[in-house]
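Please open the model in your viewer and keep the selection tool at hand. This tour goes from one selection to the next and says what is there at each stop.

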Amino acid sequence: MGIFSKLIRYGTIVAAPAGVVAILGIARLQAERQMPPAGDPPLPPAAKPYVQSVSATGILEALSENVSIGVPQAGLVTEVKVKVNESVKIGDVLFRLDDRDLRAQEVSAKARLEVARANIAVSEAQLGKTKSQLARLSAVSDPRAVSVEDLENRRQDVAVVTAQLDSARAGVSAVEGELKSLTLLIDRLTVRAPRDGTVIQVNIRGGEYAATAPKEPAMIIGETDRLQVRADVDEQNATRIRPGQRGRASLKGDPSVNFPLDFVRVEPYVIPKASLTGAGTERVDTRVLQVIFSLDRPENPPVYVGQQVDVFIEAPEH
Amino acid sequence: MFGLALKMLFGDTAKYLMLVAGLFFATFLIVQQASVFCGLMMWTSSTLKNVGAPIFVVEERVEQINEINPLRDTDVSRVRSVTAVRWAMPLYSGIQRVRLESGSFKTVQLLGIDAASLAGAPARMVEGNLEDLRLPNTVIIDELAVTRLSEDRNHPIQVGDRFEINDIEARVVGICKAMRSFTGGPYLWTTYERALQYTPPQRKMLSAVIAAPIDGMTADDAAAEITRKTGLRAYVNRGFGDNPGDFNTSTIWWYVRNTGIPISFGTTVVIGFIVGVAIACQTFYAFVLDNLTYLGALKAMGMSNARLSLMLVIQSATVGMIGFGIGLLATAGFAYAAIEHQQPPFVMPWQIPVVAFVVIQVICMMAALMGIFRLSLYEPAMVFRA
Amino acid sequence: MTETHKKQVVDVRGVEKHFGDGPDRIHVLKQVNLQAYSGEILMLVGPSGCGKTTLLSAIAGTLRIESGEIEVFNNPLHRMSGGALTRFRAEHIGFIFQQFNLIPTLSVAENVGVPLLIQGVSNGEARKRSRAALDAVGLGDRWRERPNKLSGGQQQRVAIARALVHEPPLVICDEPTAALDAQNGEIVLELFRNVARSPDRAVIIVTHDNRIFSYADRIARMDDGEIVEERKQEHLHAPHFIHEHAI
C-alpha cells in the first residue's frame, strides 16, 4: 500500500470527525452571533399599577385649570410687577399698561374742578352781597324811604344768586365725577391677580404692546400646589371609563416617578386628539375622551405643569 | 468480519476515493444549500431579531414585518390597556435614505424606539452608549452601516460622525451588532419621536406596538388576548417554527407564498439533494458490482447472506460517515467565511446536519440494499463459471 | 496407505440437473452416479460443457439438484436447507477456483485467512494459521503482499493455502492448471497429492488438462452429462507431469 493510499485512508478518517467537530464549532459560533431572545427593554417600564386598567397619555395642568390672564385693552405694557414662579394673592398687581392719556385727562379735569370751586366762591360772595343789601332795605321802616318795588328787586337778586350758587356746586360735582371715572379707567389698566396662585408663565415684558386677542396669553396663573392631569383616553376605550375610578400616573421618560390620582371629572365632550407627542407631523384622526384627575404636587422629584405623563386608570375589562 | 469489510473498502484507494467524494459532494450540496436558503429566509425577519420584543402588535391584515400598514398613535395606549400586557411601546420601522457628506445616498432601515424605556434597542453594543440615544439628533448604527456609510476603507464612520436623513442631521452615538436585513440596508436606531421627524409626514406613522406579557402568562396567550381585545393582530416573536401566530413564521411563509425566491432557491436545494443522492447511490452500487465476483466467492466459501449483507452495510455506513464528515468539514469552512462576512446568508439549524446525516445514511443503506439484492441473485455456483 | 483405509466420502446417486427453459432447456446431468474416497484424488475430466463443473458445484453444495441424492461426509446435501448448506460449505469444503478469486484489496495472508474468519475464528488465530498455511505452500515470506503482485503460480498456491487453511475434509478444485506453466503445474499437483494423502481427506479436481491425469487416483470421464468411464489408477511409481512436448 503506497504512501498516497495511506494518506487518503487516514486523511479521510481524520477529516471526518474533524468535520463533525468543525460543524459543532460553527453551530456554536452561530449561536454566539445570534441576537439574544426577546426580553425586557434596557430600562424596564414601570409595572402596571392595576390588574385591569385603561392606559392613556396625559398632560399635567394646574388645578382648576390654568388661568390665562387677558388684557383689558390693547396698549403698551409699562411695568410687569411679577416674575415667573412667584406666588400671588388675589388683587396683587401683575402688570400695568400705559395710562398716560387718561392721566392727561385727569390733569385737565382737576383744573376744571378748581374753576368750578372758584365759581362757587364767586356765587357765595354775590349771595352775601345781595343778602346784605336786602337786609339793609328791609331794615328801613319808613315806607317813603324804600319803595316796595326796590325791595322786591333785592329779594329776587338773592334768589338768582342762590340759584347760581347751586349751579356752581353742581359744576364741582360733575368734575369730581369725571375725575372718579378717570381714576377707575386708570386703575383698569393695572392688571391684578384674579385669584391666589402661582405665576406659571409670563409672555409679556415692559415696553411690549399687548393685544387684546393674542396668540398666547400674556400671563398664566394657576394653582401649582395641587395639579391636575388631563388624560386622553382613546374613544374605543371610552366605555370602560366610569366616574370615580382611581388612576396612577408616571412621568414620561422616567417611569420610576409615579403618583396616585384622584378622580375629578370626565369632560363630557369627546374632542379630537390634541398633539400630545409633540411631533409636528402628528395627525388628529382620533377622538379622545378627556378624564381629569387631581394630585398633590410631589415634593421630590419636582414635576412641572405641562409635563407629559402615562396614565393608568383602574377600569375593568369587558 | 468488521475488519474484512473495512479492508475491502479501504483497499481500493481509487474506488474508495470516488465513493467518499460522491458522498462528500452530496453532503456539501445538501447542507450548504439548505443553510444558505435558511439564512436567506431568516434575513426576511431580521427586524424581528434586532428588535427583541416578545410580542409584535400590527394592523389586522399585516402578515410580515417588512410590509407594514401603520397604526394610529393611540393604539399604543389601547394595547397597554389590555390586562395581559405588562408593557407596550411604540415602534417605527421604515426604509429611509441617508445622505452622506460626500453627497451620495444610501438606503437604510430606520427603527424608532421609545425614548424612555429604549424598548427595542440593539441588544449588542460594540461602541458608544445606548442612553446617548436620548440626546438630540442622535442615531445608533449597526456594523454593516460602518462599511456602507463610510467614505472609504481608511475613513470608517465613527461615533460622533454626522450625516443626514431626509435633510435632518443625524449624529452617530453608538455602533451595535445587528442581523442583516433582507433588503441589504443597514439598521439605524433612533427614538420614536425623532424617527417621525426624519420621516416625511404621513397620516399614520406607528409601524407596530411591541409588548410583553404579564408575569405568569405566555406570550401566545397574551397575543391572543390583545387580538381579541383590540382587533389588532398580535404576533409572538420567538423564531421560525410551526406556530402560525409567530411573526417570523408568518413573515417567512409570506415570502414563500408571494415571491419566487424560495421556489427558485428551493429548487436548487432539491436538485443538490437529488444530485447528491444519485452520485452516492451510483458510486456505491458500482462498488458492489465491481466486488461481485469476490463477494460471490465468499458466498461460495460458506459465508451466509446475512453476514455478507452486514459487510455491505458496514461498508456503506462507514463510507457514508466519512463522506458526511468531510462534507461537514467543507461546509464548516464555507460557513465560517459566510458568518464572518455576513454574506452570503448562512443559518444552519441543527436539523439540517441531522437530516443530511440521515439522508446520507439512507442513501448508503439504499445502495447497500441494492448491492445485497444483487448479491442474493448471485448463485454461488456462478463462481465456477469464469 | 491401503485400500482398507479408504472410505467412501462422496456418494452421488442418480443426480439430474437442467439449465434454462423451454426449447433452450439443456439436460446437463443425466442420472449421474459417482463416488469419491478419502485419501484419493478424483479427477473429473471431459470436454467443455460436458457438465463436469456442474457436478462439482453440486458436490460442493453450491448448486441445487433436481433429483437424485448427494451425500458428502454423511451430509445429505439434497435434503439440506440453504443455511445448512452454507454452514456445510464453510466447514467441509476447501475451494480452489479457476480464476483463484483472491480479493485484490486484501493481502495474501488476509486472503488465506478468509475461510477461518467465515468460521468465526478470531483475527489473531486466523493470522497465525494463515501464515502457517502460507509456509506450507512455500510463500511464507510473501504474506504481506497483495495477490496481484504475485505470479500466476504463486497466486494458485495462495488459493490452495486458502482452501486448506481451515483443514476441510473435501477440497474442490476447478481447472487448477489452466493458468499455469509446466513447472508451476508440477508444484501445485504435488501439493494436491500431499493433501490427498491424509486419510480423512479427499480431493476432487475438474480438469481437461491431460498433462496431469497421471496424478489422479481415480478418473471419471464425463460426456454430455453422463459418466462415460470411471477407472482407478494404481500408482506403481510416482506420478509425473506430462510435458507438452512429450505428447
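The stops below take the chains in turn, then the places where chains meet, and finally one helix.

Before selecting anything, bear in mind that this is a predicted model.

**Stop one: chain A.** Select chain A, in which you can look for three helices and 13 strands. Turn the chain until its long direction lies across the screen, since the C-alpha trace spans about 185 × 50 × 35 Å along its principal axes. The radius of gyration is 44 Å, whereas a compact globule of 318 residues would have a value near 20 Å. If you colour the chain by burial, 25% of its 318 residues count as buried. Among the contacts in chain A with a separation of 6 or more, 78% come from residues 24 or more positions apart.

**Stop two: chain B.** Now select chain B, which holds twelve helices and ten strands. Its C-alpha trace spans about 95 × 55 × 35 Å along the principal axes, and its radius of gyration is 29 Å, where a compact globule of 386 residues would have one near 21 Å. Of these 386 residues, 53% count as buried. When contacts in chain B between residues at least 6 apart in sequence are considered, 79% of them join residues at least 24 apart.

**Stop three: where the chains meet.** Show the chains together and ask which pair has the most contacts. Of the two pairs of chains that touch, chains A and B have the most contacts. Chain A and chain C, by contrast, do not touch, and their nearest C-alpha atoms are 8 Å apart.

**Stop four: the side of chain C that touches chain B.** Select the 25 residues of chain C that are in contact with 21 residues of chain B. The elements of chain C that give two or more residues to this side are α1 (52-60), α2 (82-92) and α3 (108-119). Colouring the residues of this side by type would show eleven nonpolar, ten polar and four charged.

**Stop five: helix α2 of chain C.** Stay with α2(C) and ask which of its residues are buried. They are Thr86(C), Arg89(C), Ala90(C) and His92(C). An α-helix has 3.6 residues a turn, so residues three or four places apart point the same way. To see what surrounds the buried residues of α2(C), add α10 (292-300) of chain B to the selection, as they pack against this helix. Within chain C, the buried residues of α2(C) also pack against α1, β4 (67-72), β6 (93-96), α3 and β7 (170-174).

Methods: Residues are numbered from 1 along each chain as its sequence is written. Chains are lettered from A and ligands numbered from 1 in the order in which they are written. This is a predicted model: local features need pLDDT of at least 70, side-chain atom pairs count only at pLDDT 80 or more; totals for chains, interfaces and linings use all residues. Two residues are in contact if their C-beta atoms, placed from the backbone, lie within 7 Å. Helices (H or I, at least four residues) and strands (E, at least two) are DSSP runs, numbered from the N terminus. Ala, Val, Leu, Ile, Met, Phe, Trp, Tyr, Cys and Pro count as nonpolar, Asp, Glu, Lys and Arg as charged, and the others, Gly among them, as polar. The radius of gyration is taken over C-alpha atoms; the globule rule is 2.2 Å times the number of residues to the power 0.38. A residue is buried if 20 or more other C-beta atoms lie within 10 Å of its own, exposed if 12 or fewer, and partly exposed in between; C-beta atoms are placed from the backbone.
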